[in-house]
Amino acid sequence: MQKIGVIPGDGVGPEVVAEARKVLDAVSEKHGITFEYEEFPLGADHYLRTGEVLSEETIQRLSRKDAILLGAMGDPRVKPGILEKGVLLRLRFHFDQYVNLRPIKLFEGVPCPLGAKGRKINIEFVRENTEDFYVGLGGRVHEGLSKTSLSLLRKAYEARFDIGIELKDESELAFQLGVVTRHGARRVMDYAFQLAKKKGIDLVTAVDKANVLTEIYGLWREAAEEASAKHGIAKEFQYVDAVALHMVRTPERFRLIVAPNLFGDILTDLGAAIQGGLGFAPSGNINPSGVSMFEPVHGSAPDIAGKGIVNPVGAILSSALMLETLGIEKAAADVEAAVKKILSEGRHKTADIGGNASTSKIGDAIVRELAKPR
Ligand code: NAD
Ligand code: IPM
Ligand code: MN
């Protein structure tokens, strides 16, 4: 039995999670796996009603799950950051989900904005998920002398920063720190190079901006060098600006990209665009020896929420990633094959790719496909 914590969340979150669960139910029937679900009503409604973002008790209950399935967080009624940082980032950090795996795969039948049919885009994208400019350390100071104490508490380490700032001739200054640790860079590089080995990939592209942010990405590069030597797989370094260019012009040249948190966030929306749109992009926040959390790359899409038109494929593929991470690989491959078949047939398309199929039509079609013997 697999215990799954479900966080439908905001906007289109509940709509896409419902389809992912439909697919998991079909998997359960076909493969004889039992899922025990517990829903957690986190998000804007819960926050506006109770004033609570995420309680310790909820975290404790989630920590007893085998995996978490999440829809999306964020709502126009709530100040940006409260739910995104308070729920999403807090869970990623608490469960030390240091890998954000975001495969960028263009399926047959899905229109690619880069034009030309039959492009072979298949990139394993590994985004570091606990450090960099996401650590949440920063502040604002005013003219004169000030002292700020910040601390970064992680399971493996603690770092305290006492920053004295003397600001002259300007009334206000805001700053935010980017942090890369040897431990943090090393473990995500290990994961990336091991994944390359598992998938038969012979070149890992490590992304950074080491020509400007020389400290944090200098350390990042050392970890990549080390992992490349350790795992016997070649690496190349590319600056993030050039990667953005190449992902548009010649995405076929990349097989596995490993990127720091912030650049990884941005590049995976670009990745989503070249795989047909945000509606197709899955992701897993992975701790290989802990509780992992699976969610589509897209957000709560308030502009289309409640209309039954959101594309659920990213969420469904995220549930396949969940199955794979739980070691139920056959079922994971089965879900991906069913998605692939439905997309290549092209009979059911959501509005984001010019069709008029509803969200649940897509889920139903994938479930019907899954039910067929393979
Ligand atoms: P978004 O991903 O929600 O939407 C961007 C655009 O893509 C919108 O036009 C939307 O309609 C469209 N879109 C997204 N997913 C789609 C799908 N599955 N099918 C069809 N169209 C889809 O990004 P945003 O508008 O920048 O952010 C909205 C809210 O979501 C904000 O509060 C933001 O902080 C939050 N957010 C959350 C996550 C997450 O939970 N992981 C990720 C990104 C943004
Ligand atoms: C994502 C989102 C989040 C991120 C936000 C909502 C905190 O953009 O999952 O890509 O930046 O990681
Ligand atoms: Mn993002």
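Gln 97 sits in the loop that connects H4 to strand S4 (99-101). The model is predicted. This briefing covers that loop, the two ligand sites, the nonpolar cores and one helix end.

**Loop between H4 and S4**

- Gln 97 has 0% relative accessibility and therefore counts as buried.
- Setting aside neighbours within four places in sequence, Gln 97 has contacts that include Leu 91, Arg 92, Asn 129 and Thr 130.
- Further contacts of Gln 97 fall at higher residue numbers, among them Asn 285, Ile 286, Asn 287, Val 291, Ser 292 and Met 293.
- Asp 96 belongs to the loop between H4 and S4.
- The relative accessible area of Asp 96 is 11%, so this residue is buried; the cut-off for buried is under 20%.
- Asp 96 has a phi near 50°, which is a positive value in a residue other than glycine.

**Ligand 2 site**

- The surroundings of ligand 2 consist of Glu 84, Leu 88, Arg 92, Arg 102, Arg 127, Tyr 134 and Asp 265.
- Sorted by class, this shell holds five charged residues, two nonpolar ones and no polar ones.
- Helix H4 (residues 82-94) is the element that gives the most to the shell around ligand 2, with three residues.
- For Arg 92, a polar side-chain atom is placed 2.7 Å from an oxygen atom of ligand 2.
- For Arg 127, an N or O atom of the side chain is 2.8 Å from an oxygen atom of ligand 2.
- For Asp 265, the corresponding distance from a side-chain N or O atom to an oxygen atom of ligand 2 is 2.9 Å.
- Ligand 2 taken alone exposes 320 Å², and the protein buries 78% of that area.

**Ligand 1 site**

- Ligand 1 has 20 residues around it, and those that come nearest are Met 73, Glu 84, Gly 299, Ala 301 and Asp 303.
- The shell of ligand 1 divides into nine nonpolar, six polar and five charged residues.
- A backbone N or O atom of Ala 301 is 2.8 Å from an oxygen atom of ligand 1.
- Asp 303 places a polar side-chain atom 2.8 Å from an oxygen atom of ligand 1.
- Asn 311 has a polar backbone atom 3.0 Å from a nitrogen atom of ligand 1.
- On its own, ligand 1 has 800 Å² of accessible area, of which the protein covers 67%.

**Ala 301, a loop residue at ligand 1**

- Ala 301 is part of the loop between strand S13 (292-296) and helix H9 (313-325).
- The phi of Ala 301 is near 40°, a positive value in a residue other than glycine.
- Ala 301 counts as partly exposed because its relative accessibility is 22%, where the partly exposed class lies between the cut-offs of 20% and 50%.

**Glu 84, listed around both ligands**

- Glu 84 appears among the residues around ligand 2, and Glu 84 is also one of the residues that come nearest to ligand 1.
- Glu 84 is located in helix H4.
- With a relative accessible area of 28%, Glu 84 is partly exposed.
- Not counting neighbours within four places in sequence, Glu 84 is in contact with Met 73, Gly 74 and Leu 89.
- The C-alpha atom of Glu 84 is separated by 29 Å from that of Ala 223, and these two residues are 139 residues apart along the chain.

**Nonpolar cores**

- The largest nonpolar core has 85 residues, and the members that touch the most other members are Val 126, Met 189, Leu 323 and Val 335.
- Beyond its neighbours within four places in sequence, Val 335 is in contact with Val 23, Val 27, Ile 316, Ala 320, Leu 323 and Leu 370.
- Another core, of 19 residues, lies apart from the largest one and includes Val 53, Ile 59, Leu 62 and Phe 95.

**His 31 in helix H1**

- His 31 is in helix H1 (residues 13-31).
- A relative accessibility of 25% means that His 31 counts as partly exposed.
- Excluding residues up to four places away in sequence, His 31 touches Lys 330, Ala 331 and Asp 334.
- His 31 and Lys 330 are 299 residues apart along the chain, while their C-alpha atoms are separated by 8.7 Å.

How values were computed: Residues numbered from 1 in each chain as written. Chains lettered and ligands numbered in written order. Predicted model: local features only at pLDDT ≥ 70, side-chain atom pairs only at ≥ 80, totals over all residues. Heavy atoms only, no water. Core = buried A, V, L, I, M, F, W, Y, C linked by side-chain atoms within 4.5 Å. Buried < 20%, exposed > 50% of the residue type's maximum accessible area, 1.4 Å probe, protein only. Contact = heavy atoms within 4.5 Å. Near = heavy atom within 4 Å. Polar contact = N/O pair within 3.5 Å; in protein donor to acceptor, adjacent residues only side chain to side chain. Areas by Shrake-Rupley, 256 points an atom, 1.4 Å probe, with all protein chains shown as cover. Helix = DSSP H or I, 4+ residues; strand = E, 2+ residues; numbered from the N terminus. Nonpolar A, V, L, I, M, F, W, Y, C, P; charged D, E, K, R; others polar.
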